[in-house]
Amino acid sequence: MRTLMQRLGEDVRLKEGLHACMSCGICTAVCPAAEYFEYDPRSIVVTVQSGNEAKIRKLIESDTIWMCGQCMSCKPRCPRNNCPGLIISVLRRVSQETGAFVKSRLGRQQYLILKTIGTNILETGYCVFPASVVPETHPEQGDVWRWIYQNKEAVYERVGANLDKEGPGAMRKIDRENLNELERIFAESGGNSFFSTIVKFSRAYAKESGFTDADGEPDMEKYTDFLLNEDNDEK
Amino acid sequence: MMKNSQVTVTKEIADDNYFYLRSCIRQNFFPGAEKVFLDILKNKLGKNIIDNANHISCTGIGYHSDIVPYETYQAMVARQFALMTEQGLKNAAVSCITSYGGYNEVMKTWKEFPEEEAKARKNLKNATGRRFEIPENISHSCDIIYKFRHDIAELAQYKLINKQTGKPLRIVDHIGCHYAKIFPEKGIGGAEQNTVLSAIVEAWGGQSVDYPERRHCCGFGFRHYLVKNNRSYSISNSKKKFESMEPYCPDMIITNCPGCNMFLDKWQYALAKIEGKTYSGDKNGIPVLSYEELAGLVLGYNPWDIGLQMHQVDVEPLLKKMRFDYNPDEKYLDAGGKFMGQPEFTGCLP
C-alpha cells in the first residue's frame, strides 16, 4: 500500500510547487485566506516537507486544506519559487482519492461542487450557464441579473449572444458530438473515475451518518440538504 | 535568487490570426464584451480571429475547485489546441483569466515533464482521434487590446475624459490573479507592477489611479463562491478592495478577468444591502467595466449593443461624465425594438 507521501509525490504538481521551503511565512502574510480563516499556508508546506505520515493524514482529514482560495497570491512572493496553492491542490486530490475529505465539513462540500459544476460541465459543456444561476440561490446577483434571468432569450439576443442555439457565439448550445468528446475525455483521463470516487465516499459517509432511505440505502437528497445547511459547529 | 515578480517582461503578443477561446463566466454575464472584442478585432483593426463553435469549456473552474483532476484538465486543454491546429492557427486569444493561467500551467508542466504531454496526447487521441501542435503564442485578450491600444486611440470617438470637469477620468484597475501571479513573466509588467490595464487607460486619455490593495484578490476563491455557505469569504475580499479604493474617488473600475468583473459589480450591490452604504459617494456604486467594454465605448459603440445594461452598477453616470451620445430610452428594448421590461432597480441603493 502506498504511503500518503508516495501518493502526493506521484503528482507532478508537488515537484513544481515544492522545492525547499525555508519557512519565511511570506505566503501566509500575503494570503487572503489567512486573513479570513485561522489558516497558515506556511505550516502546511512545512508539514508536507516533513513527510510525516501522521501529520499529513491529519491535514487531509481537516478543514484546513479546503480554506485556500486558489488565487495563487503566494506564488510570486515566495523567494524560493514554491507555490503553496499548488501543494494544496495535490493535498486535496489525495484527500478525495483516499476518502479523507468526508471527515471535514469543508471537505464534504466537494459533493455539492460535483453536483453543480460537475453536472454543468458534463451536461452542457460549460462550467456556468445562465439557467444555472438561479436568483433565489444567488440573491447577491441583484435585480439586474433577476431581470436578465427572467428575460434570457430577449436579453442575450439583444447583445448579440447565441443563447442555446446552434453555431458559434456566446452561450451557444454545445452539440451532442462535442459533448460526447468531452465525456470520452473524462472517461479516458480519469475524470469520470474521480467523480465516482467523490460520490462513493460521500454515499458511504451519508449512510454512516444516518441519511438513509426506507431500505437503509444512502439518501443523497437528504445528505445534500444536510451539506447545504451544515454550519461550523455541527461536526 | 531574484523573485519571480522581478523578472524582465519579455512577453510577446501575436499580431494577427487568432483562435478565440471564450470564457464560461464572460459569456454568461457579459456576452456583449466578447462580441465587441471580436468586432473590434475584425472590423476596426482588420485582424483575422476565428470563433469556432466546437470549442467547449476548458473546465478550469472545475479544476480549481478540485473536482476535475489535472490529467483531465490537460486533455481538455489539449483538445482546444487540437481545434486550433485543425484550423491552421497557432495563436490563442483567451477571454478567461482562469483558462489563461491554466493553459500556461499546462504548457509549463509539459515543458518540465514531457511524459505528462505524452499522456495528454494519448488521452486526447484515444478519446477523440485528435492531434495537436503546441501553440506558438498564447495571449489573453487584454494583451491584444494592450498591443493595439494606440491604434484604438487613433480610431477613438471618445477620450476617457470627464467632460464635466475637463479632467481625465480617474480609473482604478483590478488584475485577475491568474493573469500574472502564477507566471509573472506571462503578464505585462509581472505580478507586482502590472501595467496591462493602466497602459490601456492612459493611452485612451484616462488617469490610472493606484490604491493600496490593487493586487488583492477579488475573493472568488472558486469553492468559496460556488458553495453558498462559503460566500462570506468572497464578499469580504471584495469589501477590502472597495475600502482601499474609496479614498481615491474612482470614476470607474477596469478589470481583465470575467469573474472579477462580475464580483466587483455584484458585491457592491450586496454590500450596500448589508451595510446600507456604497463606496462611490453616491447611491449607484462604482461602475465596473472590462477592457473590451471600455474599448467599445472609446470607439463609440452603442452601450446597449455591447451589453452594458447587464451590469448591476449603472453605467449611465459614467456615460454622462464622458458626454457620450446614447439613448437611455433604448436601454431595455429587445432586438426588434420592443420593451423587454426592466430591472426593479439598478445601482446599489434605492
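A residue counts as exposed if 12 or fewer other C-beta atoms lie within 10 Å of its own C-beta atom, and as buried if there are 20 or more. In this predicted model, A:Glu177 has 8 other C-beta atoms within 10 Å and is therefore exposed. A:Glu177 belongs to helix H13 of chain A. Its C-alpha atom is separated by 50 Å from that of A:Met22, which is 155 residues away along the chain.

**Chain A**

Chain A contains 15 helices and zero strands. Along the principal axes, its C-alpha atoms fill a box of roughly 55 × 50 × 40 Å. Of the 235 residues in chain A, 46% are buried. Among the contacts in chain A with a separation of 6 or more, 58% join residues 24 or more positions apart.

The domain assignment divides chain A into domain 1 (4-106) and domain 2 (124-229). The C-alpha centres of these two domains of chain A are 28 Å apart. Contact between them involves five residues of domain 1 of chain A and five residues of domain 2 of chain A. On the domain 1 side, the touching residues comprise two nonpolar, two polar and one charged.

**Chain B**

Chain B is likewise assigned two domains, domain 1 (10-141) and domain 2 (149-330). Their centres, taken over C-alpha atoms, are separated by 25 Å. Here 30 residues of domain 1 of chain B are in contact with 30 residues of domain 2 of chain B. On the domain 1 side, the elements that give two or more residues are helices H1 (24-29), H2 (31-44), H3 (60-64) and H5 (97-112) of chain B. H2(B) gives the most, with eight residues. By class, the domain 1 side has 13 nonpolar, eleven polar and six charged residues.

The domain pairs of the two chains are set out below.

| Chain | Domain 1 | Domain 2 | Distance between centres | Residues in contact |
|---|---|---|---|---|
| A | 4-106 | 124-229 | 28 Å | five of domain 1 with five of domain 2 |
| B | 10-141 | 149-330 | 25 Å | 30 of domain 1 with 30 of domain 2 |

**Contact between the chains**

Between the chains, 81 residues of chain B are in contact with 73 residues of chain A. The chain B side of this contact has 34 nonpolar, 30 polar and 17 charged residues. Two helices, one from each chain, can be followed in detail: the buried residues of H6(B) pack against H13 of chain A, and those of H13(A) pack against H6 of chain B.

**Helix H13 of chain A**

The 14 residues of H13(A) should span 20 Å at 1.5 Å a residue, and the end C-alpha atoms are indeed 20 Å apart. Its buried residues are A:Glu181, A:Leu182, A:Ile185, A:Phe186 and A:Ser189. These cover an arc of only 135 degrees around the axis, so they are on the same side of H13(A). The face turned away from the buried side carries A:Arg176, A:Glu177 and A:Asn180, which are exposed. A:Glu177, with its 8 other C-beta atoms within 10 Å, is thus placed on that outward face. The partners of the buried residues of H13(A) are helices H10 (110-124) and H14 (191-208) of chain A, together with H4 and H6 of chain B. After H13(A) comes A:Gly190, with a positive phi near 95 degrees.

**Helix H6 of chain B**

H6(B), residues 114-128, has 15 residues and reaches 21 Å from first to last C-alpha, close to the 21 Å expected at 1.5 Å a residue. B:Ala120, B:Asn123, B:Leu124 and B:Ala127 are its buried residues. Viewed down the helix axis, they fall within an arc of 95 degrees, so they line one face of H6(B). Exposed on the other side are B:Pro114, B:Glu115 and B:Ala118. The buried residues of H6(B) pack against H13 (176-189) of chain A and also against H4 (70-86) of chain B. Just after H6(B), B:Gly129 takes a positive phi of about 75 degrees.

**The nonpolar core**

In soluble globular proteins, nonpolar side chains tend to be buried together. The largest nonpolar core in this model has 178 residues, of which A:Ile87, B:Ala93 and B:Ile254 touch the most other members. H4(B) supplies the largest share of this core, ten residues. Leaving aside residues up to four places away in sequence, A:Ile87 touches A:Leu14, A:Gly17, A:Leu18, A:Ile44, A:Val45 and A:Val48.

Methods:
Residues are numbered from 1 along each chain as its sequence is written. Chains are lettered from A and ligands numbered from 1 in the order in which they are written. This is a predicted model: local features need pLDDT of at least 70, side-chain atom pairs count only at pLDDT 80 or more; totals for chains, interfaces and linings use all residues. Two residues are in contact if their C-beta atoms, placed from the backbone, lie within 7 Å. Ala, Val, Leu, Ile, Met, Phe, Trp, Tyr, Cys and Pro count as nonpolar, Asp, Glu, Lys and Arg as charged, and the others, Gly among them, as polar. Helices (H or I, at least four residues) and strands (E, at least two) are DSSP runs, numbered from the N terminus. The expected span of a helix is 1.5 Å times one less than its number of residues. The arc is that of the directions from the helix axis to the C-beta atoms. Domain bounds come from an automatic or database domain assignment. A nonpolar core is a set of buried Ala, Val, Leu, Ile, Met, Phe, Trp, Tyr and Cys residues joined through C-beta atoms within 7 Å.
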